[in-house]
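Here's a quick tour of one protein model, written for someone who likes to see the charges and the surface sorted out. Have the viewer open while you read.

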Amino acid sequence: PVQNRAVTPPKAIAPAPTSSEQTAALPPADGQALRLLFEGSTTKLNAAAQQQLQQMAAAFAANNKRIQLKAFASAKSDRPSTARRESLSRALAVRSYLIENGVRSTRIDVRALGAPSDGGPSDRVDVILLTQ
C-alpha cells in the first residue's frame with residue numbers, strides 16, 4: 001500500500017564544485033534536497049557528492065525525517081532491466097554512504113526506477129526529504 005507523506009521544504013545545502021564525472025546540485029522541486037548526476041554507467045560517488053551527502057546526513061541524523069532515493073539510469077540497451085539494475089546500484093551507493101554517516105537505514109526508502117519518464121536528466125539519484 002502507498003502511504004501519503006507530507007513533504008517539507010529542504011534546508012539549503014550549498015552545491016559542491018562539479019567534476020567531469022559526476023555533479024551535485026540543488027534541484028528546484030519541492031521536497032528535493034539534492035540531485036546527484038552520474039556520467040555514463042558510473043555508480044560510484046565522487047568526493048563532491050560524498051561531501052554533500054555527509055552534510056545532509058549530519059543535518060538529518062538526529063531528526064525523524066525520512067529520506068527517499070529515486071534513482072534513474074538511461075536505457076542503453078533493448079532491456080529495461082539493465083537500466084533498473086544500474087539505477088539500483090546508484091541508489092544503494094547513496095544509501096550506504098548515508099548509513100555510514102549516521103542516518104538509520106530504516107529511514108531511507110530506495111526506488112530504482114530505471115529510465116526516467118519525467119523529462120529530467122537520465123543518469124541521476126534524487127534525494128527527497130519526507131516527514132514521517
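What follows looks at salt bridges, then an aspartate in a loop, then some spots with more solvent access.

First things first: this is a predicted model.

**The charged network**

Side chains of opposite charge can pair when their charged atoms come close. In this model the count comes to 6 salt bridges. Among them are three that share residues, and R35, D118, R124 and D126 end up linked in a network. Here are those pairs, with the N to O distances:

| Pair | N to O distance |
|---|---|
| R35 and D126 | 2.7 Å |
| D118 and R124 | 2.4 Å |
| R124 and D126 | 3.0 Å |

What does the R35 and D126 bridge tie together? R35 sits in strand β2 (residues 32-38) and D126 in strand β5, so the pair joins parts that are 91 residues apart in sequence.

How buried are these residues? R35 has a relative accessible area of 18%, and because the cut-off for buried is under 20%, R35 counts as buried. D126 is buried too, at 3% relative accessibility. R124 comes in at 0%, so R124 is also buried. That makes the R124 and D126 bridge a pairing of two buried residues.

**D123, an aspartate in a loop**

Where is D123? You'll find D123 in the loop between β4 (108-112) and β5 (124-130). Despite the loop address, D123 is buried, with 12% relative accessible area. Its side chain reaches the backbone nitrogen of S74 at 2.9 Å. If you set aside neighbours within four places in sequence, D123 is in contact with L36, L37, F38, G40, F72, A73, S74, K76, E86 and R90. S74 therefore turns up both in that contact list and as the backbone partner of the D123 side chain.

**Out towards solvent**

Which residues make up a nonpolar surface patch? L88, L92 and V110 do, and the patch covers about 200 Å². L92 belongs to helix α2 (residues 80-100). L92 is partly exposed, with a relative accessible area of 37%.

Is N64 buried or exposed? N64 counts as exposed, at 55% relative accessibility. N64 is found in the loop between α1 (47-60) and β3 (66-72). The C-alpha atoms of N64 and L130 are separated by 9.3 Å, and the two residues are 66 apart along the chain.

Note on methods. Residues are numbered from 1 along each chain as its sequence is written. This is a predicted model: local features need pLDDT of at least 70, side-chain atom pairs count only at pLDDT 80 or more; totals for chains, interfaces and linings use all residues. Side-chain values use heavy atoms; hydrogens and water are left out. Helices (H or I, at least four residues) and strands (E, at least two) are DSSP runs, numbered from the N terminus. Buried means under 20% relative accessible area, exposed over 50%, partly exposed in between (1.4 Å probe, protein chains only). A polar contact is a pair of N or O atoms within 3.5 Å; within protein, one must be able to donate a hydrogen and the other to accept it, and residues adjacent in sequence count only if both atoms are side-chain atoms. Contact means heavy atoms within 4.5 Å. Patches are made of residues with over 30% relative accessible area and no salt bridge: like charges are joined within 9 Å, nonpolar side chains (Val, Leu, Ile, Met, Phe, Trp, Tyr) within 5 Å. Accessible areas come from the Shrake-Rupley method with a 1.4 Å probe; for residues, only the protein chains shown count as cover. A salt bridge is a side-chain nitrogen of Lys or Arg within 4 Å of a carboxyl oxygen of Asp or Glu.
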